[in-house]
Amino acid sequence: MTDFEHRLLHDVLNKQIDASFDVQSFIQECMKDAAAQTTAKALLAYGYIYEIFNLEGDEAKGFEIASELAQENASEAFALLGECYENGDGSEQDKQKAFECYQKAVEADDNNLLALCALGDAYLNGIGTTKDE
């Protein structure tokens, strides 16, 4: 994942995308490029789970997309699955699985800041693991 893609996902999650940014067109363009398809799919998964990009909330569909991406060892997919398991979005709440997903996200890409923060938060707050400040 490129720095741009990392920043985009960060901005999406923090709802800092400028209203003029056409995410649907961005996703369509990404889907044309094999290297960028993971990002596009991750954005779709986030969109369904968090009801952004004018997508109706469908946590189960977002979870399904993220699960498929995780089979490709996509760091952002593991990070999203961790959030899903942690919060019970599209899945049963399971803090242990959340922690394991955060670990896999960092193992897949140790430059993924979202994954690193999620794993650090899990250790700090004892989410699925022993609390380790």
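Among contacts between residues at least 6 apart in sequence, 43% join residues at least 24 apart. This is a predicted model. Its protein chain has 7 helices and 0 strands, in the pattern α-α-α-α-α-α-α along the sequence. Of the 133 residues, 43% count as buried. The chain exposes about 7,400 Å², with carbon and sulfur atoms supplying 44% of that area.

**The core**

The largest nonpolar core holds 25 residues. Leu-69, Leu-81 and Tyr-102 touch the most other members. Four elements give two or more residues each: α4 (59–70), α5 (75–87), α6 (95–108) and α7 (113–125). The most come from α5, with 7 residues. In soluble globular proteins, nonpolar side chains tend to be buried together.

Leu-81 has its own set of partners. Leaving aside residues up to four places away in sequence, Leu-81 touches Phe-63, Ala-66, Ser-67, Ala-70 and Cys-101.

**Three helices**

The table sets out the dimensions of three of the helices.

| Helix | Residues | End-to-end C-alpha distance | Expected at 1.5 Å a residue |
|---|---|---|---|
| α4 | 12 residues | 16 Å | 16 Å |
| α5 | 13 residues | 19 Å | 18 Å |
| α7 | 13 residues | 18 Å | 18 Å |

The reach of α4 is close to the expected value. So is that of α5. For α7, the end C-alpha distance agrees with the expected span.

Burial is described helix by helix. In α4, the buried residues are Gly-62, Phe-63, Ile-65, Ala-66, Leu-69 and Ala-70. They cover an arc of only 160° around the axis, which puts them on the same side of α4.

α5 is mostly covered, with 12 of its 13 residues buried. Among them are the nonpolar Phe-78, Leu-80 and Leu-81, but also Glu-76, Glu-83 and Glu-86. Ser-75 is on the buried list too.

α7 buries Ala-115, Ala-118, Leu-119 and Ala-122. Seen down the helix axis, these residues fall within an arc of 95°, so they line one face of α7. An α-helix has 3.6 residues a turn, so residues three or four places apart point the same way. The buried residues of α7 pack against α5 and α6. The face turned away from them carries the exposed residues Leu-113 and Cys-117.

**Loops and helix ends**

Asn-112 sits in the loop between α6 and α7. Is Asn-112 buried or exposed? Its relative accessibility is 2%, so Asn-112 counts as buried. The side chain of Asn-112 makes two contacts of note. One is a polar contact with the side chain of Ser-75, at 2.9 Å. The other is at the start of α7, where a side-chain oxygen of Asn-112 comes to within 3.0 Å of the backbone nitrogen of Leu-114.

Asn-73 belongs to the loop between α4 and α5. With a relative accessible area of 48%, Asn-73 is partly exposed. Its phi is positive, near 60°, in a residue other than glycine. Most residues other than glycine have a negative phi.

Two glycines with positive phi follow helices. Gly-88 comes just after α5, with phi of about 75°. Gly-126 follows α7, with phi near 65°.

Notes: Residues numbered from 1 in each chain as written. Predicted model: local features only at pLDDT ≥ 70, side-chain atom pairs only at ≥ 80, totals over all residues. Heavy atoms only, no water. Core = buried A, V, L, I, M, F, W, Y, C linked by side-chain atoms within 4.5 Å. Buried < 20%, exposed > 50% of the residue type's maximum accessible area, 1.4 Å probe, protein only. Contact = heavy atoms within 4.5 Å. Polar contact = N/O pair within 3.5 Å; in protein donor to acceptor, adjacent residues only side chain to side chain. Expected span 1.5 Å × (residues − 1). Arc of directions from axis to C-beta. Areas by Shrake-Rupley, 256 points an atom, 1.4 Å probe, with all protein chains shown as cover.
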